[in-house]
Amino acid sequence: MSAAEKMSRRDKMEMLLPFYLNGSLEGTELEAIEEWLASDPAAMAALGEAEAEFSGTAAANEAIRPPADALSRFARALDAEAGPARAPAASSWLAQAWSRFMAVPAGVAWAAAAVLLALVVAQSFVQTGNRGGDFEIAGSEDDLAKMPFALVKFKPDAKLSDILAFLDQNQLKIAGGPTADGVFRLGVPAETAADYQKLLDLIAAQPFTEAALEGRKPADGG
Amino acid sequence: MTAAETDRALVERVAKGDRTAVRLLFMRHHARVYRFVARQTGSELMADDIANEVFLELWRQAPVFEGRSEVSTWLLGIARFKALSLLRKKKEDWIDDDDAAQVADGADTPEVVTMKEDKAAALRRFIDAMPEEHRTVIDLAYYHGQSVSEIGEVLGIPVATVKTRMFYARKKLGEALKAAGYDRGWP
């Protein structure tokens, strides 16, 4: 008889609880847990204990912070392995404008932000014939550094006016980018993980979005 | 499209030489891979090197990825293999049977220290002090959301062993909490 076969029902249920909580349990094991939870008064307390373990494990992991420059170092290692990257293929003029902007030394860059803002809004006006929104590029660097963010790539044929209107309506800020691949870092004004997810889903659902990935969630993100 | 489906689609793009796709996968999975290795090796320096290597390996192996497992499981499996290889090279005894006493040792800390902690802090301390083979199963289930069979795949062990490790990990955790004055009714 194996160790598993010698276990009591409670032991088996306790063993399966973590997998019940992470949603990966299925079939007869899932049915057994649900039946236990419905029938045994001790089961809900046991589930609460497992949830505390879940939170503790998440906190222990989230306390480990990967280096902020990991992506840039990886990109260099990838280039070293695969050869220099091709120039971005016909990326949008917005991406190119940002590339030029981000190449300017930081002090000058932030001073130039207002000029670029004016250019961007003016361009929006020319393209659409409508008045551009109050597109906010950034607050202070500190504010943006602390803000939850998402990583977003726009489609090459995206209309700037659409993007500006969307950013403005949702108080999103461009906090950085684009990378050589045209990926922007968008500051997301969310205070909870749920709000963050809603905004991320909204960004991903826009017709001008090619890809939207989770960056940093608010602290309650678990 | 689910996250797992977009992961697979990105790997297909990587297989065709798309560097944007590999960078997107890096942004999506790097933090978890990094934490997984850091928790296993106890070294963030090692985690940094290995996590980078994992994604270079993704770049190299994407053409042969068959999609039989989730991309996240695949990456964790590569990370596990690389961590073990590096640790063996360094001749560090990373699975030490004596470690099994660590949880009990944690529970043996002076009572006055323990009583100052709240239960959540004690729980986290005991999880961190677990033997690596138990903590890894706990991490993979609770933090990485892996199923029993996926954990077996990442660690290269049978499903029954995953369950046994989970059982003993949680049992020892319960014992340590009980010794610290937090009886949770099991074991």
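**Exercise 1. Find out how β2(A) and β3(A) pair, and over how many bridges.**

Solution. Keep in mind that you're looking at a predicted model. Start with the two strands: β3(A) covers residues 183-187, and β2(A) runs antiparallel to it, with three bridges between them. For a concrete example, pick I174(A): its bridge partner in β3(A) is L186(A).

**Exercise 2. Work out the strand order of the open sheet in chain A, and say which strands stand at the edges.**

Solution. Go pair by pair.

- Step one: you already have β2(A) with β3(A), joined in the antiparallel sense.
- Step two: β3(A) also pairs with β1(A), again antiparallel, this time over five bridges. Here V152(A) sits opposite F184(A) of β3(A).
- Step three: β1(A) pairs with β4(A) too, antiparallel and over six bridges. In this pair, F149(A) faces R216(A) of β4(A).
- Step four: string the pairs together and you get β2-β3-β1-β4, an open sheet of four strands.
- Step five: look at the ends. β2 (173-176) and β4 of chain A each have a single partner strand, so one side of each has no neighbour in the sheet.

While you're there, note the twist: from one strand to the next it averages 35°. Helix α10 (residues 193-205) of chain A packs on this sheet and touches β1 (149-154) and β4. The direction of α10 makes about 160° with that of β4(A).

**Exercise 3. Decide whether the residues of β1(A) are buried or exposed, and sort them by the way they point.**

Solution. The cut-off for buried is 20 or more other C-beta atoms within 10 Å. Six of the six residues of β1(A) are buried, so the strand is largely enclosed by the rest of the structure. Now for the directions. In a regular strand, side chains alternate between the two faces of the sheet. In β1(A), F149(A), L151(A) and K153(A) point one way. A150(A), V152(A) and F154(A) point the other way.

**Exercise 4. Place Q171(A), G177(A) and P218(A) in chain A, and say how exposed each one is.**

Solution. Take them in sequence order. For the labels, 12 or fewer C-beta atoms within 10 Å counts as exposed, and partly exposed lies between that and buried.

- Q171(A) lies in the loop between α9 (160-169) and β2 of chain A. With 12 other C-beta atoms within 10 Å, Q171(A) is exposed. Its phi is near 55°, a positive value in a residue other than glycine.
- G177(A) belongs to the loop between β2 and β3 of chain A. It has 19 other C-beta atoms within 10 Å, so G177(A) is partly exposed. K153(A) is 24 residues away along the chain, with 9.8 Å between the two C-alpha atoms.
- P218(A) comes in the segment after β4 of chain A. Its count is 16, so P218(A) is partly exposed as well. Between P218(A) and P189(A) there are 9.4 Å, C-alpha to C-alpha, though they are 29 residues apart in sequence. Beyond its neighbours within four places in sequence, P218(A) has contacts that include P148(A), T192(A) and Y196(A).

**Exercise 5. Describe how α5(A) and α3(B) cross, and which residues make the contact.**

Solution. First, the geometry: the axes of α5 (residues 70-82) of chain A and α3 (residues 44-61) of chain B come within 10 Å and cross at roughly 40°. That makes α5(A) oblique to α3(B). The crossing is right-handed. Next, the residues: α5(A) brings R73(A), F74(A), A77(A), L78(A), E81(A) and A82(A), while α3(B) brings N52(B), F55(B), L56(B) and W59(B). Sort these and you find seven nonpolar, one polar and two charged.

**Exercise 6. Zoom out: how many residues does each chain put into the contact, and which element of chain A gives the largest share?**

Solution. Chain A contributes 41 residues and chain B 44. On the chain A side, α1 (3-6), α2 (9-21), α4 (41-62), α5 and β4 (209-216) each supply at least two residues. The largest share comes from α4(A), with 13 residues. By type, the chain A side divides into 27 nonpolar, six polar and eight charged.

**Exercise 7. Sum up chain B: how many helices and strands are there?**

Solution. Count ten helices and zero strands. Of the 187 residues of chain B, 48% count as buried. Finally, take the contacts in chain B with a separation of 6 or more: residues 24 or more positions apart account for 66% of them.

Conventions:
Residues numbered from 1 in each chain as written. Chains lettered and ligands numbered in written order. Predicted model: local features only at pLDDT ≥ 70, side-chain atom pairs only at ≥ 80, totals over all residues. Axes fitted to C-alpha atoms, helices over the stretch in contact; angles between N-to-C directions. Parallel < 35°, antiparallel > 145°, perpendicular 65-115°, else oblique. Left-handed = near helix turned anticlockwise from the far one by under 90°. Contact = placed C-beta atoms within 7 Å. Nonpolar A, V, L, I, M, F, W, Y, C, P; charged D, E, K, R; others polar. Pairing = 2+ DSSP bridges.
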